Amino acid sequence: MVQSAVPSGAPASGNELRVCVRCGIIALNGQARCHICNEPMGVRGHMVQCLLPGRPWARLEMVLPCPHCGVEFSPGPEAVESAAHCPSCQQPTVVEAAWWDEAVHLAHAVVDLGHPDFHRQNDALGAYNPFADVGVSMPCASLPSERLPMQSMLRLRVGPGAPPCLRCGTPLIVRVLTQGRQTTECPQCGDREAFALPLSLVGRVPAIRALIGFAPETAAAQGRIEPWWLLMEGPSTLRPLVQAQVEQAEKDAAERAAWEAWNLQERERLEREARLQAAQSEREAAERGKQEKAARERAEREKADRLAKETAAALKDTQAKLEQSQRALQDTQSRAAQTQSSMEQALREAQEAHRGDVERLQQDAWTQAEQLRGMMAQQEGMWRAQDGRRQQAMADLERKHTVRWRVAIGLWVLFFVAVAVDLLLAVK
């Protein structure tokens, strides 16, 4: 089986794809630069035919952190059956077979579920396809991701494409031989190389048809990762899981639709029953209203008759009481006239007695006032006499003090004169 390069000017058919002129990854429509190698795209790009009908190569970049020194490096395909040697510390790292299988199966899933989808098998997967954007809005998928975790320590970047020549970038012509061998030839510069599939990997992953892995030393020296190129056929192991999710989602949607339809029917039935019950309740309420209205009318008539009878009896009683009240009023008026005359007589007597008492009290008050004035005049005379005696005593006391002071001052003067005379005599 031969894959040949297609001239860049030829129209794309159902088995061709446009790839980057340097790294071989699929070229997206309207892409200015390659997302992998940053090579300007423009109208450039190689058109290549798929080696397997409708199935591009899987470009797999793989990074493994060294458990000894922590440096990340890209292992080559020979590490599948031996060990991966760290280019920094040269220590070997044995990678579990399950890790290789997981990486290969994920690479198979990317080219199987991504674009280009020549046979349009992925349209029905919809949002459940984890690689629906690969080949449309992004050239590759980075794994692990939130939707697809991984059990191994490997870090992958997978996208569809075709292996290019390391020297000139031209898509290689790949010949797949028997017993897992394949050869590559560059139609531009003529470089040839041979590769072989690891037998252990072929036994575990029957879908693998070819594996091209150039030595990673040159790429590491240039600061890039040398990818593996895997050719896988048939559906991937992830497709049945995605299809099961789609079928389960369709089943859930159908069940949800059936449940919503049943709920709608149930709501409509309940609404009909509620309307019927409301109408029945309205009829019963109307009938009860009529019965209650008739009962109220009968009760009102009976009440009116009873009130009429009670009113007539009360009127008779009122008339009798009125007559009794009139007689009692006449008796009360006669007694009131008698009482008024007796009260007027008592009032005149009380007024006369009051005038006598007032005159007597006025006379007593005048007498007491005259007595009080006499006592006040007598008291005032006594106060004036006591004040005169007190002033006389103070004047006498003041004269005595004045005489005493004068005597004392004279004695002191005599004392000082005697002292002065003694001093003069003493001085002489």
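## Starting from helix 4

Glutamate 247 sits in helix 4, where helices are DSSP runs of H or I with at least four residues, strands are E runs of at least two, and both are numbered from the N terminus. With a relative accessible area of 53%, glutamate 247 is exposed; here exposed means over 50% relative accessible area, buried means under 20%, and partly exposed lies in between (1.4 Å probe, protein chains only). Its C-alpha atom is 9.3 Å from that of leucine 125, although the two positions lie 122 residues apart along the chain.

Before going further, a word on the model: it is predicted, so local features need pLDDT of at least 70 and side-chain atom pairs count only at pLDDT 80 or more, while totals for chains, interfaces and linings use all residues. Residues are numbered from 1 along each chain as its sequence is written, and side-chain values use heavy atoms, with hydrogens and water left out.

## The far reach of the same helix

Two other residues of helix 4 tell another story. Lysine 400 belongs to this helix and is exposed at 51% relative accessibility. From C-alpha to C-alpha, lysine 400 and glycine 213 are 152 Å apart in space, with a sequence separation of 187 residues.

Valine 413 is in helix 4 too, and counts as partly exposed at 47% relative accessibility. Its partner in this comparison is methionine 62: the two are 351 residues apart in sequence, and their C-alpha atoms are 140 Å apart.

## Overall dimensions and make-up

How does the radius of gyration of the chain stand against that of a compact globule of 428 residues? The chain has 68 Å, whereas such a globule would be near 22 Å; the radius is taken over C-alpha atoms, and the globule rule is 2.2 Å times the number of residues to the power 0.38. The C-alpha trace spans about 165 × 150 × 45 Å along its principal axes.

In secondary structure, the chain has four helices and 14 strands. Of its 428 residues, 30% count as buried. The exposed area is about 28300 Å², with carbon and sulfur atoms supplying 56% of it (Shrake-Rupley method, 1.4 Å probe; for residues, only the protein chains shown count as cover). Looking at contacts (heavy atoms within 4.5 Å), 59% of those between residues at least 6 apart in sequence join residues at least 24 apart.

For charges, Lys and Arg count as positive and Asp and Glu as negative, leaving out His and the chain ends. Each charge is placed at NZ of Lys, CZ of Arg, CG of Asp or CD of Glu. The mean positions of the 50 positive and 53 negative charges are 6 Å apart.

## Nonpolar cores

A nonpolar core is a set of buried Ala, Val, Leu, Ile, Met, Phe, Trp, Tyr and Cys residues joined through side-chain atoms within 4.5 Å. The largest one here has 43 residues, and Phe131, Leu156 and Leu230 have the most contacts inside it. At least two residues of this core come from each of strand 4 (57–65), helix 1 (97–113), strand 8 (141–143), strand 9 (155–161), strand 13 (208–213), strand 14 (228–232) and helix 4 (238–427). Which element gives the most to this core? Helix 1 does, with ten residues.

Leucine 230 shows how these pieces meet: leaving aside residues up to four places away in sequence, it touches Trp57, Ala58, Leu60, Val104, Ala107, Ile208, Ala210 and Leu211. Another core, of 15 residues, lies apart from the largest one and includes Leu17, Val19, Ala27 and Met41.

## Backbone details worth a look

Two cis peptide bonds deserve a check in your viewer. The bond from histidine 115 to proline 116 is cis, with omega near 5 degrees, and proline 116 is in the loop between helix 1 and strand 8. The other joins leucine 143 and proline 144, with omega about 0 degrees; proline 144 is in the loop between strand 8 and strand 9.

Positive phi values also turn up outside glycine. Arginine 120, in the loop between helix 1 and strand 8, has phi near 50 degrees and is exposed, with a relative accessible area of 60%. Asparagine 38 has phi near 65 degrees and lies in the loop between strand 2 (16–19) and strand 3 (46–49). Is asparagine 38 exposed or partly exposed? At 48% relative accessibility, asparagine 38 counts as partly exposed.
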